[in-house]
Amino acid sequence: MKSSTGKAVCPYCGVGCVIRATVQDNKITKISADDDVAPNFGMLCPKGAHLKQVFQNHDGRLAYPMIRERKGETPRQVSWEQAIAFTANRLQEIRLEHGKDALALYGSGQLDTETSYIFNKLFKGFLRTNNIDTNSRLCMSSAVVGYMQAFGSDGPPTCYDDIQYADVFLIIGANMAANHPVLFQMIRKRRASEPNARIIAVDPRRTQTAEFSDVHVPLAPGSDVAFLQLIAKRLLAIGRVDRRFVQRNTENFSAYKNHLESLDEDTLLSICDIHPGRINEIVEFLSKPSNRLLTFYCQGTNQSTSGVDKNVALINLHLQLGEVGIRGAGPFSLTGQPNAMGGREVGYLSHQLPGYRVVTNDMHRAYLEGAWRIPPGSIDPEPGLTAVPMFEAAEAGDVRALWIVCTNPAVSMPDTKVSQAGLKRADFVIVQDCYYPTETAEYADVLLPAAQWGEKRGTMTNSERLVVRSDKFLDPPGEAKPDWWIFSQIAKVMGFKRDFDFHNHEEIWDEYRLLTAGTPCDQMGMTNERLEKTSLRWPCPNPRHPGTLRRYTRRKFFTESGKAQFKTPVYQPPDENTDSEFPFGLTTGRVASQWHTRTRTGKVPQLTRKDPEPFVEIHPDDASENEVEDGEWIYLVGRRGRCYARARVTDTIRRGLLFTPFHWGDLFHAETNVNYVTNSAFDPVSKQPELKFCAVRIEVDDVSKKRNW
Ligand SMILES: Nc1nc2c(c(=O)[nH]1)N[C@H]1C(S)=C(S)[C@@H](COP(=O)(O)OP(=O)(O)OC[C@H]3O[C@@H](n4cnc5c(=O)[nH]c(N)nc54)[C@H](O)[C@@H]3O)O[C@H]1N2
Ligand SMILES: Nc1nc2c(c(=O)[nH]1)N[C@H]1C(S)=C(S)[C@@H](COP(=O)(O)OP(=O)(O)OC[C@H]3O[C@@H](n4cnc5c(=O)[nH]c(N)nc54)[C@H](O)[C@@H]3O)O[C@H]1N2
Ligand code: SF4
Ligand SMILES: [Mo]
């Protein structure tokens, strides 16, 4: 048979590389990237490059709808008709008996925009509950609030093109070499071609990113606000302020200045626990007004009980220096998942509505009630449950039906016993995934098989606001269907036929696109015809508009006054303390070759080779004090639970701190999931949990020594 090709956005990280797949007999024969296609221009990292292996066979795929008659039983295959009727009926029953807020949906930044739009419309508009949240709450919600507070709108001001013009790259709380590899390649190219360019990595660990940097700041975990204020204070003291920008385009500078001046340098230094020499070097790079500053940040800043303050502190620094809305500069929040940006545009967090609108705004609700042709007052003005409280409410019996789509919360939620207890207690659990088994699927009453990457068409927005259309070039296994189709069928059976009668994703895109008109994330000009031919960055307000590389170039912001806002965050330590019983700090994250809970990357031998098992990084001095040998299996015991991992003795981590990735759930082995140990305390404003810090002790016992893995 003749081979054909198709292109799609990589299903992994938020860099959003566009991949070309060559296909023969429904098998991928080649994965590549086109040199002239944005954003990756021919580059791919190993995860993207090995996508072919994910599709070698359909092992482990959820290929047919299944129903579990009773909890704990083996699910049995049913027809789509039966699964849809069963799901729609159970949701209606629970809604009638326990009220609208007994329903909740937990979704994902890996879903396409059309799907996120349709479930948001169904829940917030038609089922009238705002109980929708997504794994973006664990990921991007502090970044959303940071941008909102400073600029009056979510979304980065910047684009990848800025890398070609930046002089100082501040990478704080992000391990880009592992987690945004293609973007990091672009930074390294710029560093190699521009002798004055500098890379600064701020991370308690000497990561791969830090290895390639000019300066590494191994700060104490959680101390970013103090670090950023120290830099800002030192720059202020030498007069490094863009006075013109600050006067014309910002507010609250004097409160900010007074606050910085009131802080004591030695105290800040001791909070960060770093050598003052590091600060001097950074201040020197930033003291030159001609040096453009581009800051990249991700979970080291976001996953914290002071996540919003960390975001705000780094945006403050950019405002002070006037490094916003100009080429080569700006605070660039890295999106983790391929469409977490699109999900935010659609409003898939519990307080949002499409087009960067919010449920608490009367005009925003009224606009959508009109657009969706539903009675005034249909949309609840109160935000719904966020991720952690959603599972707590399920455990308490308040949320009765949980619809889990494209995420694996039985592994990835902090303090996982709580999400597992919620999934167990809920009367009705829908799991919509493309793999079976998964840890979360164990709790499902109904399993809905989703088509995955390459098996469906759809639209996604990457980290730089680039909206990209993906093709379908593979047939899904069995009866798996696109997520948008599954939602539209169930909505129709629930009685909303007129409003969910979509025949293809283009119809959904067209409805959604119109709702963004006149909003900060305007995609009105991105017609289906245009997206078939090219990718575009928003705002793109009309069909002739070329899209927008950089925002705020006229220094007009979306705040009431049109001016950017300085804030005065105050350093707070992490929620949990170390003490004599739990003497170590534990931070968690990722490795370059694995994706989250490993449903796909765990099946690719070329990717699993490097880190085949869960490991924990420990400093050599800590290891010898605790009689831990390299390669030995140890328990990490925390206040809520414990997990196993193999000790990796390394001086790349600070003393007193441990690091372990969260890629291994119970399917791998009971007790390897680090989230049995992590803390679900969250930022008071963004509600993003502190996955980056908790307290543990090490236990080496004979069982783990003998364990044969
Ligand atoms: N290979 C791979 N790539 C991925 C993913 C994946 O699973 N695998 N997932 C994607 C997703 S969804 C996301 S959200 C991103 C996440 O991308 P990153 O944020 O880069 O990933 P993490 O490893 O979670 O955390 C980054 C770093 O934060 C550091 N850190 C911990 N505490 C602190 C602190 O208090 N301050 C500072 N400054 N740093 C701290 C950690 O040591 C770690 O090196 O990656 C995306 N890309
Ligand atoms: N300790 C610790 N925990 C963390 C983090 C951390 O840094 N430390 N990071 C947090 C962050 S930032 C994130 S984003 C989360 C990620 O955590 P999860 O979202 O739970 O992780 P994934 O493994 O990506 O889960 C995605 C699921 O969707 C399925 N899937 C893939 N494609 C499709 C599709 O097209 N349709 C459907 N319906 N399903 C699909 C996959 O098979 C998989 O089961 O983890 C969070 N948890
Ligand atoms: S950098 Fe990210 S988007 Fe690009 S190929 Fe790798 S995982 Fe995929
Ligand atoms: Mo994420």
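# A tour of two ligands, a pocket and a cavity

Begin by selecting ligand 1 together with the residues around it, 35 in number, of which Asp203, Gly222, Asp224, Arg590 and Gln594 come nearest. Bear in mind throughout that this is a predicted model.

With ligand 1 still selected, turn to its polar contacts with the backbone. A nitrogen atom of ligand 1 lies 3.2 Å from a backbone N or O atom of glycine 173, while an oxygen atom of the ligand lies 2.8 Å from a backbone N or O atom of asparagine 175. Add histidine 596 to the selection, and a polar backbone atom of that residue appears 3.0 Å from an oxygen atom of ligand 1. The protein buries 99% of the 910 Å² that ligand 1 exposes when taken alone.

Colouring by secondary structure shows where part of this shell comes from: α6 (176-179), α14 (299-302) and β23 (584-589) each contribute at least two residues to it. If you colour the shell around ligand 1 by residue class instead, you will find 15 polar residues, 13 nonpolar ones and seven charged ones.

Next, select ligand 2 and the 32 residues around it, among which Ser412, Asp433, Lys456, Thr597 and Asn675 come nearest. Here a side chain can be picked out, since glutamine 110 places a side-chain N or O atom 2.8 Å from an oxygen atom of ligand 2. Two backbone contacts can be displayed alongside: asparagine 408 has a backbone N or O atom 2.7 Å from an oxygen atom of ligand 2, and glutamine 432 has one 3.0 Å from a nitrogen atom of the ligand. On its own, ligand 2 has 920 Å² of accessible area, and the protein covers 99% of this. By class, the shell around ligand 2 comprises 15 polar, 11 nonpolar and six charged residues.

Now leave the ligands and turn to empty space. Rolling a probe the size of a water molecule over the atoms shows where such space is left.

The largest pocket holds about 530 Å³ of space. To centre the view on this pocket, select Ala178, Gln208, Val591, Ala592 and Lys610, which are the closest to its centre of the 26 residues that line it. Two or more lining residues come from each of α1, α6, α8 (208-211), α24 (605-608) and β24 (615-618). Colouring the lining of the largest pocket by class gives 10 nonpolar, nine charged and seven polar residues.

The structure also holds four cavities of 30 Å³ or more, and the next stop is the second largest of them, with about 90 Å³ of space. Its lining can be selected in full as Cys10, Tyr12, Cys13, Val15, Gly16, Cys17, Leu44, Cys45, Lys47, Gly48, Pro181 and Val182. Within this lining, α1 (46-49) and α7 (181-193) each supply at least two residues. Nine of the lining residues of the second largest cavity are nonpolar, two are polar and one is charged.

For the last stop, select aspartate 167, which is found in the loop between α5 (141-151) and β8 (168-172). Is aspartate 167 buried or exposed? Aspartate 167 counts as buried because its relative accessibility is 11%, which falls under the 20% cut-off. Finally, add arginine 292 to the view: the side chain of aspartate 167 reaches the backbone nitrogen of arginine 292 at 2.7 Å.

Key. Residues are numbered from 1 along each chain as its sequence is written. Chains are lettered from A and ligands numbered from 1 in the order in which they are written. This is a predicted model: local features need pLDDT of at least 70, side-chain atom pairs count only at pLDDT 80 or more; totals for chains, interfaces and linings use all residues. Side-chain values use heavy atoms; hydrogens and water are left out. A residue is near a molecule or strand if one of its heavy atoms lies within 4 Å of it. A polar contact is a pair of N or O atoms within 3.5 Å; within protein, one must be able to donate a hydrogen and the other to accept it, and residues adjacent in sequence count only if both atoms are side-chain atoms. Accessible areas come from the Shrake-Rupley method with a 1.4 Å probe; for residues, only the protein chains shown count as cover. Helices (H or I, at least four residues) and strands (E, at least two) are DSSP runs, numbered from the N terminus. Ala, Val, Leu, Ile, Met, Phe, Trp, Tyr, Cys and Pro count as nonpolar, Asp, Glu, Lys and Arg as charged, and the others, Gly among them, as polar. On a 1 Å grid over the protein atoms alone, a cavity is a set of points where a 1.4 Å probe fits but cannot get out, and a pocket is an open set with protein on both sides within 12 Å along at least five of seven lines; lining residues have an atom within 4 Å of a point. Grid points are joined across faces, edges and corners, and a volume is the space filled by probe spheres set on the points. Buried means under 20% relative accessible area, exposed over 50%, partly exposed in between (1.4 Å probe, protein chains only).
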